[in-house]
Amino acid sequence: MIVIRSIDFTSPARARFSENYKFKITFECMSPLEDDVEWKLIFVASPDHLELDQELDDCLVGPIPVGINSFEFDASPPDPTRIPDEDILGVAAIILTGSYRDQEFVRVGYYQNTEYDNEEMKENPPPGRPRYERLVRDLADKPRVTRFNIRWDANTTNAQTTMVVQNQQPAPPFNNNAPLPGAPLPREYSGQPPSMAYTSAPTTNSNSMTIG
């Protein structure tokens, strides 16, 4: 069983579209796990078109010792050429998921606003193909967190995943067309009903690793 202690988005909230996404994930393993834990980062360009989703990176973490562990997850940016021109600007989302034995136990979603890096191009976007090298992204500072009860191992009872999510970099407000914080994200989980919880705990005696 895993208890998530924190998920920190360590990249700047405002950055070039071409920069990587970086997270630090801290969790406590309450009992030995038989398999690895899988983490994925997904970019959602358009909520109505599943085929446009891009899996930016995934990793398997394990074997996991009992106790508090942390690792850094460094994921590549989305390929802008795979995003329709009409969807490149405006609101999209990135979704970080954690799974064990193909069971998703946590999902953290951030809204992302993409725009040009200067006022002139914001007001009058250049004709033709987007100027990818001039794009910047802003991530909302209030992610949406969803957790799920799963069966960990045969000798472990079903348990809820308790967590706290932090963004260490304050994000500037979105434009007027952006969804409000807490609004439903696209690609909502279709399995068990979700529940929400936040808690805090000390992170001493930790084990660290880097993925990316």
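**Aromatic pairs, core and strand β9**

Counting rings of Phe, Tyr and Trp as paired when their centres lie within 6.5 Å, the predicted model contains 10 aromatic pairs. One of these pairs is formed by Trp39 and Phe105, whose ring centres are 6.0 Å apart and whose planes stand at 80°, so the pair is edge-to-face, an angle over 60 degrees being what that term requires. Because Trp39 belongs to strand β4 and Phe105 to strand β8, the pair ties together parts that are 66 residues apart in sequence. Both partners are buried, Trp39 with a relative accessible area of 1% and Phe105 with a relative accessible area of 0%. Trp39 and Phe105 also belong to one aromatic cluster, which they form with Phe27, Phe71, Tyr100 and Trp152.

The protein as a whole has one helix and 12 strands, and along the sequence these elements follow the pattern β-β-β-β-β-β-β-β-α-β-β-β-β. Of its 212 residues, 47% count as buried. Among the contacts with a separation of 6 or more, 73% are accounted for by residues 24 or more positions apart.

The largest nonpolar core comprises 41 residues, and those with the most contacts inside it are Ile2, Tyr21, Phe23, Trp39, Leu41, Leu96 and Phe105. At least two residues of this core are supplied by each of the strands β1 (2-9), β3 (21-29), β4 (37-44), β5 (54-61), β6 (67-75), β7 (90-100), β8 (103-116) and β9 (135-139). The surroundings of Phe23 illustrate how such a core residue is placed: leaving aside neighbours within four places in sequence, Phe23 is in contact with Ile7, Asp8, Phe9, Thr10, Leu41, Phe71, Glu72, Phe73, Ile94, Leu96 and Tyr110.

Strand β9 merits a closer description. Five of the five residues of β9 are buried, so this strand is largely enclosed by the rest of the structure. In a regular strand the side chains alternate between the two faces of the sheet. In β9, Leu135, Arg137 and Leu139 point one way, whereas Val136 and Asp138 point the other way. Strand β9 pairs with two strands described here: with β2 (residues 14-16) in the antiparallel sense over three bridges, and with β8, also antiparallel, through five bridges. Within these pairings, Arg16 stands opposite Val136, and Thr114 stands opposite Arg137.

Two of the buried residues of β9 carry polar side chains whose settings can be specified. The charged end of Arg137 sits over the ring of Tyr21, 4.0 Å from its centre, and Tyr21 is itself among the core residues with the most contacts. Asp138, which also lies in strand β9, has a relative accessibility of 4% and therefore counts as buried, the limit being under 20%. The side chain of Asp138 is joined to that of Arg14 by a polar contact of 2.8 Å. Asp138 and Ala15 are 123 residues apart in sequence, yet their C-alpha atoms are 6.8 Å apart in space.

A further buried arginine is found in strand β8, namely Arg107, with a relative accessible area of 13%. The side chain of Arg107 makes a polar contact of 2.7 Å with the side chain of Glu104.

Definitions and conventions: Residues numbered from 1 in each chain as written. Predicted model: local features only at pLDDT ≥ 70, side-chain atom pairs only at ≥ 80, totals over all residues. Heavy atoms only, no water. Core = buried A, V, L, I, M, F, W, Y, C linked by side-chain atoms within 4.5 Å. Buried < 20%, exposed > 50% of the residue type's maximum accessible area, 1.4 Å probe, protein only. Helix = DSSP H or I, 4+ residues; strand = E, 2+ residues; numbered from the N terminus. Contact = heavy atoms within 4.5 Å. Pairing = 2+ DSSP bridges. Phe/Tyr/Trp six-rings, centres within 6.5 Å; stacked < 30°, edge-to-face > 60°. Lys NZ or Arg CZ within 6 Å of the ring centre and 35° of its normal. Polar contact = N/O pair within 3.5 Å; in protein donor to acceptor, adjacent residues only side chain to side chain.
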